[in-house]
Structures are given as structure tokens and as C-alpha cells.
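User: I'm new to this structure and would like a close look at a single helix. Could you walk me through one?

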Amino acid sequence: MRCLKAETVTMIRELVEKIGPIQITSTCGGRHARNSQHYRGNAIDFRPLATTPRKAAAVAKTLEAVGGVGSYANGLVHVDVGDREFAWFGTKRGNRRLAYNARGR
């Protein structure tokens, strides 16, 4: 968690206030897409523990700080505070469906 930017930590706190506890499965390390927000400390992947992934993603889309939201078929949700302004669902990059413009900056 030390690799995350302050904005990301603040976003996580706000998210947890809205949806309850989460299990963070990925931060800055690991294998991510090239130029991933994870590598910049702007993103996490998590599993919601008190609600469904669908509801967690829907709530994340309402948060001002969230720039992108994604969900995977395995129940994980991705949120970031980067400038990317979309949401997706899918298991592989090629199978993702763009679905939502998270904020209109």
C-alpha cells in the first residue's frame, strides 16, 4: 500500500465507507497492461466483501475521485484515479466492452 498515491488512498477510504470492507488483490506490483495506472500508484484491484462486484463497480462510478472502473468475470473490480475516463468489463484486453464514461473532465 505504500506505493499508492495519497489520492488513491483517499479514494479507497471513500469507497470502503460506501460499500463496506474490501480485499485488495493488486496495487503497484505484479503484471498489468503496459502503461497501467497500477504502475503509477493510481489503481487497485479488489474483491468486495459486503456487496456484489456489480454493485461495487456501480458505486465506484459515482465517486468523484474515480477516473476508471473495470470489472472481471472472476469477481474482481478495478478502480483508478487516473485520467482514463472509461469503464470496462472483461477478462482479456481484447474482450473488454467499454461501458461508461466515469467523469467528464
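Analyst: Let's look at helix α1 and its surroundings. This is a predicted model, in which local features need pLDDT of at least 70 and side-chain atom pairs count only at pLDDT 80 or more, while totals for chains, interfaces and linings use all residues. Residues are numbered from 1 along each chain as its sequence is written, and side-chain values use heavy atoms, with hydrogens and water left out.

Helix α1 covers residues 6-19, 14 residues in all. From its first C-alpha to its last, α1 reaches 20 Å, close to the 20 Å expected at 1.5 Å a residue (1.5 Å times one less than the number of residues). Helices here are DSSP runs of H or I with at least four residues, and strands are runs of E with at least two, numbered from the N terminus.

Now for its two sides. T8, M11, I12, L15 and I19 are the buried residues of α1 (under 20% relative accessible area with a 1.4 Å probe, protein chains only; exposed is over 50%, partly exposed in between). They lie on the same side of α1 because they cover an arc of only 105° around the axis, taken from the directions from the helix axis to the C-beta atoms. The face turned away from that buried side carries the exposed residues A6, R13 and E17.

What covers the buried residues includes β1 (22-26), β2 (43-48), α2 (53-62) and β4 (77-80). With α2, the meeting involves L15, K18 and I19 in α1 and A56, V59 and A60 in α2, where contact means heavy atoms within 4.5 Å.

Finally, α1 is followed by G20, whose phi is positive, near 95°.
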